[in-house]
Amino acid sequence: MSWGTELWDQFDNLEKHTQWGIDILEKYIKFVKERTEIELSYAKQLRNLSKKYQPKKNSKEEEEYKYTSCKAFISTLNEMNDYAGQHEVISENMTSHIVGDLARYIQELKQERKSNFHDGRKAQQHIETCWKQLESSKRRFERDCKEADRAQQYFEKMDADINVTKADVEKARQQAQIRHQMAEDSKADYSSILQKFNHEQHEYYHTHIPNIFQKIQEMEERRIVKIGESMKTYAEVDRQVIPIIGKCLDGIVKAAESIDQKNDSQLVIEAYKSGFEPPGDIEFEDYTQPMKRTVSDNSLSNSRGEGKPELKFGGKSKGKLWPFIKKNKGATPEDFSNLPPEQRRKKLQQKVDELNKEIQKEMDQRDAITKMKDVYLKNPQMGDPASLDHKLAEVSQTIEKLRLETQKFEAWLAEVEGRLPARSEQARRQSGLYDSQHPPTVNNCAQDRESPDGSYTEEQSQESEVKVLATDFDDEFDDEEPLPAIGTCKALYTFEGQNEGTISVVEGETLYVIEEDKGDGWTRIRRNEDEEGYVPTSYVEVYLDKNAKGAKTYI
């Protein structure tokens, strides 16, 4: 089967067919290109979908995703993001392995096709030229033969005429001979050109055209094979990502299997448990007896401790059960006292953890500045060490403020957990700011007004606060003898001692040291007999008297 022998006379049809083959190849390239665009668009939409349903950072929605079902949903969104990535891989591989490869091949194919049909046309033009030469020699031979016949006939006519001179007869005879010789030459030329044409024609139809058509046939078959290979690659590109897509789907199944309904139920308990006990039965109040109307000892108001004031209900709608009392709307107190005990404990613990993180961050910054200052001291050309003192002081002051804030919340947390220790002098001065801003009250009064969900009853305005009396520690602190000075100190920065137990100092001021820093970051100093207190150790430069009792070497 060869186009050169079977289709020797179908040059024009082969030219049309090969052009159609190139059009088919270009159509397939366009198809794959559109598929890659669809894959990219699909991947983009999947990524946007996954991003749309991701919980926003530092939002209430993010807190809700602690449940296993929500975590499984997050895992599903992440797997879908990876799933979208595989469709991007499909698009990328199809673009490089099919579209790019076929685009280069089709350029080569067009060039090869152009060259083959150029050779074919050249062969056609050559055989047409030979045919024209043959026709020209044939016509010339025919014309010379006719001229020779006419010259022979004229000679015979002249020879038979007795009136014609002998010279005219001889002239006619010579003319006939010349025409006859010209006919013989034309015959020989025609014969030679005919043999040459037959040879060229045989070469054309049995050698040149078969060879050219064979090349065209091979070119077309390579095109067919190429498009078949591209279709296989098309399938393989999809097949290569199937295992990874399978892993994505397995990840979704695994996430779904990790859902634990019991665990989620326990999380609901931890999220909303108030810590209160349900109220007991309300006793029957017999109005036939002249007795005071009181609340049952088994009610929630009296179950919080002995010796607390009773909650009196007077007037209409004053005897509501606490679970049905509306919450008091307003600003959230700093100590979260509006929350039930369990929820308050969680909020306080969360606040303490956040403050500790901030303290660690500031300490890392202080260490970095200190290291930089050491570098400047060793290499003055890199910078002025004194330029970092102000920044170092600001960081140290921030750390101290954060520590005070942390200790304040830790005190509230310990109070909620029922493990608040006896307050020492150090604890007094560290939480002095809170004590000054929130005067202690008798707890039973507030608790009698508090409902299980942290709200208050309608009789809040009718109850008065009972102030806490001064502690024994205050009396001891006032009566203790003044401590002897163990050295002096110079204030490096101004400190405004607003908290209880602290003292204000001005930058450059010199004072007496009566108690060293015991590891809590505070040094006890005295200005005169009536003014003494604590200042942050980082705010003063201490000069201890080596001869003083209990004095330590200053570093």
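Two strands count as paired when DSSP finds at least two bridges between them. With that in mind, a good place to start in this predicted model is the pair formed by strand S1 (residues 487–491) and strand S2 (residues 510–515), which run in the antiparallel sense and are joined over four bridges. Within this pair, Gly 487 stands opposite Val 513 of S2.

Strands S1 and S2 belong to an open sheet of five strands, whose order is S4-S3-S2-S1-S5 and whose pairing is antiparallel. Strand S4 (532–536) and strand S5 (540–544) stand at the edges with a single partner strand each, so one side of each has no neighbour in the sheet. From one strand to the next, the twist averages 40°.

Attention now turns to charged side chains. Side chains of opposite charge can pair when their charged atoms come close. The structure holds 25 salt bridges. One of them links the side chains of Arg 121 and Glu 15, with an N to O distance of 2.0 Å. Because Arg 121 lies in helix H4 (residues 68–160) and Glu 15 in helix H2 (residues 11–52), this pair ties together parts that are 106 residues apart in sequence. Arg 121 has a relative accessibility of 34%, so this residue counts as partly exposed.

Helix H4 also contains a salt bridge between Arg 104 and Asp 101, where the closest N and O atoms are 3.8 Å apart. Here the partners are three residues apart in the helix, which means that about one helical turn separates Arg 104 from Asp 101. Asp 101 is partly exposed, because its relative accessibility is 24% and the buried class ends under 20%.

A similar spacing appears in helix H5 (residues 166–257), where Glu 220 and Arg 223 are three residues apart, about one turn of the helix. The side chains of Glu 220 and Arg 223 meet in a salt bridge at 2.5 Å, N to O. Are these two residues buried or exposed? Glu 220 has a relative accessibility of 3% and therefore counts as buried. Arg 223, at 5%, counts as buried too.

Salt bridges can also share partners, and in this way Glu 515, Lys 518, Arg 524, Arg 526 and Glu 532 are joined into one network. This network leads back to the sheet, for Glu 515 falls within strand S2 (residues 510–515) and Glu 532 within the edge strand S4 (532–536).

Methods
Residues are numbered from 1 along each chain as its sequence is written. This is a predicted model: local features need pLDDT of at least 70, side-chain atom pairs count only at pLDDT 80 or more; totals for chains, interfaces and linings use all residues. Side-chain values use heavy atoms; hydrogens and water are left out. Helices (H or I, at least four residues) and strands (E, at least two) are DSSP runs, numbered from the N terminus. Axes are lines fitted to C-alpha atoms, for helices over the stretch in contact, and angles run from 0 to 180 degrees between N-to-C directions. A salt bridge is a side-chain nitrogen of Lys or Arg within 4 Å of a carboxyl oxygen of Asp or Glu. Buried means under 20% relative accessible area, exposed over 50%, partly exposed in between (1.4 Å probe, protein chains only).
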